[in-house]
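Me: I have a new structure open and want to get my bearings. Can we go through it piece by piece?

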Amino acid sequence: MPGDRPWKRRRERGESRPDKEAACPFCRLRLERPRPVEGTRRSGFLGGACACGAVFLFDESGGHGGEAIVEVMLAACGDDWDYAWSLHPEVDYRMLTLSYDPQAHRIAEPGDQYEPTGKLYFFKHLKGPDPAD
Ligand SMILES: [Zn+2]
């Protein structure tokens, strides 16, 4: 039942946002705030990388999904277009998306009722380091 969600109980106590510090969806390590990322200068996306190898980009408007997905793949694949397109989802890599509030540095996960407009796109190789390196 929607009314039973924990966020709503928090809201009734005067907190309007879920208390989920931005964290990597793969390993749960705390994320640094998005910043300019090597390999994404064409598009100007902000992003970063996690110690577990996941790479992420931030789409502030939430409306550049396709472009952000291409950019995060290229950023994670050393800007090697052919290599990026040779990968198979759920075999070679996994992508996850989280809603993100850059002011609060908080995330919302699927199912949360509070959803910031911005999106974080995460990419992680499932087979270890890029063999092209
Ligand atoms: Zn991680």
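Me: Which residue is the bridge partner of F58 in β6?
Reply: The partner of F58 in β6 is L120. Keep in mind that this is a predicted model.

Me: Ok. How many bridges join β3 to β6, and which way do the two strands run?
Reply: Five bridges join them, and the strands run antiparallel. β6 covers residues 118-125. Another position along this pairing is D59, which stands opposite K119 in β6.

Me: And what joins β2 to β3?
Reply: Four bridges, again with the strands antiparallel. β2 is residues 46-49. G48 has F56 as its bridge partner in β3. The two strands form a hairpin with five residues between them. In that turn, G53 has a positive phi of about 105 degrees.

Me: What is the strand order in the whole sheet?
Reply: The order is β1-β2-β3-β6-β4-β5, in an open sheet of six strands with antiparallel pairing. β1 (35-36) and β5 (106-108) stand at the edges with a single partner strand each, so one side of each has no neighbour in the sheet.

Me: Which helix packs on the sheet?
Reply: Helix α2, residues 65-76, packs on it and touches β3, β4 (93-101) and β6. The direction of α2 makes about 155 degrees with that of β3.

Me: Back to β3. Is the strand mostly covered or mostly open?
Reply: Mostly covered: five of its five residues, 55-59, are buried.

Me: Which residues sit on which side?
Reply: V55, L57 and D59 are on one side, F56 and F58 on the other, and all of them are buried. In a regular strand, side chains alternate between the two faces of the sheet. In β3, both faces are covered.

Me: Change of topic. What coordinates the zinc ion?
Reply: Four cysteine sulfurs do: the SG atoms of C24, C27, C50 and C52, at 2.2 to 2.3 Å. Along the chain these donors follow the spacing C-x2-C-x22-C-x1-C.

Me: Why is the arrangement called tetrahedral?
Reply: Because the angles that the four donor atoms subtend at the zinc ion are 98 to 114 degrees, and the cut-off asks for all angles between 85 and 135 degrees.

Me: Is C50 buried or exposed?
Reply: C50 counts as buried, because its relative accessibility is 10% and the limit for buried is under 20%.

Me: What about C52?
Reply: C52 has 24% relative accessibility, so it counts as partly exposed.

Me: I also clicked on E67. Where does that residue lie?
Reply: E67 lies in helix α2. With a relative accessible area of 42%, E67 is partly exposed. From F45 it is 22 residues away in sequence and 9.7 Å away in space, C-alpha to C-alpha.

Me: Let me zoom out. How many helices and strands does the chain have?
Reply: Three helices and six strands. Read along the sequence, they follow the pattern α-β-β-β-α-α-β-β-β.

Me: How much of the chain counts as buried?
Reply: 39% of the 133 residues. The chain exposes about 7800 Å², and carbon and sulfur atoms supply 50% of that.

Me: Last one. What share of the contacts join residues at least 24 apart?
Reply: 59%, counted among contacts between residues at least 6 apart in sequence.

Conventions: Residues are numbered from 1 along each chain as its sequence is written. This is a predicted model: local features need pLDDT of at least 70, side-chain atom pairs count only at pLDDT 80 or more; totals for chains, interfaces and linings use all residues. Side-chain values use heavy atoms; hydrogens and water are left out. Buried means under 20% relative accessible area, exposed over 50%, partly exposed in between (1.4 Å probe, protein chains only). Two strands pair if DSSP finds at least two bridges between them. Donors are N, O and S atoms within 2.8 Å of the metal (3.2 Å for Na, K and Ca); water is not among the atoms, so sites may look incomplete. Four donors count as tetrahedral if all angles lie between 85 and 135 degrees; four count as square planar and six as octahedral if opposite donors are over 155 degrees apart and all others between 65 and 115; anything else is irregular. Contact means heavy atoms within 4.5 Å. Axes are lines fitted to C-alpha atoms, for helices over the stretch in contact, and angles run from 0 to 180 degrees between N-to-C directions. Accessible areas come from the Shrake-Rupley method with a 1.4 Å probe; for residues, only the protein chains shown count as cover.
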